[in-house]
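This report describes one structure for a reader who has not met it before. The sequence and the model come next.

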Amino acid sequence: MGSSIVVIGNFDGVHPGHRAVLAEARRRDPELPLVVVTFWPHPVSVLRPEAAPLLLTSLEARIEHLSAAGADRVEVIDFTPEFASWTPAEFVERVLMPLAPKVVVVGENFRFGHRAVGNLDTLRELAAGRFEVDGLPLVKFRDEDTCSTRIREALAAGDVEHAAEHLGRPFCFRGVVSHGDRRGRELGFPTANLPVPANLACPADGVYAGFLTRRDGLDGRGEQLAEGAPSPRWPAAISVGTNPTFGGLSRRVESYVLDRDDLELYDAPVTVEFVARIRGQVKFDGIAGLIEQMHTDVADCRRLLGLS
Ligand SMILES: Cc1cc2nc3c(=O)[nH]c(=O)nc-3n(C[C@H](O)[C@H](O)[C@H](O)COP(=O)(O)O)c2cc1C
Ligand SMILES: Nc1ncnc2c1ncn2[C@@H]1O[C@H](COP(=O)(O)OP(=O)(O)O)[C@@H](O)[C@H]1O
């Protein structure tokens, strides 16, 4: 009985461990729709704001990654203090039963309900005769139980290569291109600027090699792409920081697309992919030093991306 397979979790980053849970759930029944129940905002940011983790992706990106990992549907629970006060029984009746699950798949350390009093045994008791419960052993990655924390640590250290190993793909930062100080063009390196929201993880301040992808179906000049054409993805030198040379205050991700000065990217939704770290941020005495360094960065970037 039952008409869905349900998995529950935060799934921040949708890393290989998370993807393994979805794959296992899919194996339990290849025919039934696979429904992912996830929480937004992150429960810790509601219950203990001072300990809130910097999130590896936005909700939109989480849903896309979950779909790519096999989810047929993603149910986003609005994690409010009121929701957090529900008992384990209320959680089962109000969240799970409406999904008519045949099997609910969770990690063996799953906790739920008010003050996290419910565990796998509680879920099995509440499920009795109605649905099955699968508690999966935590997927290990290089002997570590979970890697969301490791990924955050690697990003905070600027080690985007290590973050990519744990994520199973390069770390990506999404945003909408905003207006900056219009200085980039004068320096010879126009940059597409993305503000860094306070709740999102981002690599440490520094300069990186990577790629910029435009995601709105338009090309670099704002023209509609041909039907079925892939989104444009350009090699880029990326600066993360506050532009200390100019005494900037707001932290931004700025991407200079190599060898282009014709792009029109304002207000475009883009994804910045971090492939390799080049160096830390430097406060230069004048713009001549910065420009000279940017030329070196671009050469390093080409080498790191295998373009020279
Ligand atoms: C490859 C690259 C390296 C950069 N390195 C530094 C740096 O070391 N120090 C700094 O203050 N700004 C650095 N920047 C940021 C520039 O200061 C910034 O892009 C420029 O001021 C343009 O800002 P705007 O986009 O607001 O016009 C770098 C930018 C790029 C693209
Ligand atoms: N090679 C390029 N890389 C990134 N943006 C470019 C490039 N060429 C042109 N642009 C455009 O120029 C803008 C950045 O120019 P810039 O002088 O740095 O202005 P701002 O300070 O407003 O970011 C980008 O938002 C984009 O629309």
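A residue is near a molecule or strand if its C-beta atom, placed from the backbone, lies within 6 Å of it. Under that rule, 21 residues surround ligand 2, and the nearest of them are Gly180, Gly184, Arg185, Pro190 and Val257. The model is predicted, so local features need pLDDT of at least 70 and side-chain atom pairs count only at pLDDT 80 or more, while totals for chains, interfaces and linings use all residues. Residues are numbered from 1 along each chain as its sequence is written, and chains are lettered from A and ligands numbered from 1 in the order in which they are written.

**The ligand shells**

Ligand 1 has 23 residues around it, with Gly180, Arg183, Gly184, Ser239 and Thr245 coming nearest. The table sorts both shells by class: Ala, Val, Leu, Ile, Met, Phe, Trp, Tyr, Cys and Pro count as nonpolar, Asp, Glu, Lys and Arg as charged, and the others, Gly among them, as polar.

| Shell | Nonpolar | Polar | Charged |
|---|---|---|---|
| Ligand 1 | 10 residues | 8 residues | 5 residues |
| Ligand 2 | 8 residues | 6 residues | 7 residues |

Helices (H or I, at least four residues) and strands (E, at least two) are DSSP runs, numbered from the N terminus. Around ligand 1, at least two residues each come from helix H9 (184-187), S9, S10 and H10. H10 gives the most to that shell, 3 residues. Around ligand 2, at least two residues each come from H9, S7 and S10, and S10 has the largest share with 3 residues.

**The annotated span and its sheet**

An unreviewed UniProt entry carries the annotation "domain: Riboflavin kinase" for residues 166-306. UniProt positions are given in the numbering used here, feature names are shortened, and annotations may be inferred rather than shown by experiment. The span 166-306 is 17% helix and 32% strand, and its end C-alpha atoms lie 22 Å apart.

Strands of a sheet pair through backbone hydrogen bonds, either parallel or antiparallel. Here two strands pair if DSSP finds at least two bridges between them. An open sheet of 6 strands runs in the order S6-S11-S8-S9-S10-S7, with antiparallel pairing. Strand S6 (171-176) and strand S7 (192-195) are the edge strands, each pairing on one side only. From one strand to the next, the twist averages 35°. Axes are lines fitted to C-alpha atoms, for helices over the stretch in contact, and angles run from 0 to 180 degrees between N-to-C directions.

Strand S9 (residues 233-241) pairs with strand S10 (residues 252-257) in the antiparallel sense over 6 bridges. Valine 240 has valine 253, in S10, as its bridge partner.

Two helices pack on this sheet, where contact means that the C-beta atoms of two residues, placed from the backbone, lie within 7 Å. Helix H8 (residues 160-167) touches S6, strand S8 (206-214) and strand S11 (269-279), and its direction makes about 125° with that of S11. Helix H10 (residues 287-304) touches S8, S9 and S11, at about 95° to the direction of S11.

**Backbone details in loops**

The peptide bond from tryptophan 40 to proline 41 is cis, with omega near -5°. Proline 41 is in the loop between strand S2 (34-40) and helix H2 (43-47).

Valine 14, which is not a glycine, has a positive phi of about 45°. Valine 14 sits in the loop between strand S1 (4-8) and helix H1 (16-28). Is valine 14 buried or exposed? Valine 14 counts as buried because it has 28 C-beta neighbours inside 10 Å; the cut-off for buried is 20 or more other C-beta atoms within 10 Å, for exposed 12 or fewer, with partly exposed in between, and C-beta atoms are placed from the backbone.
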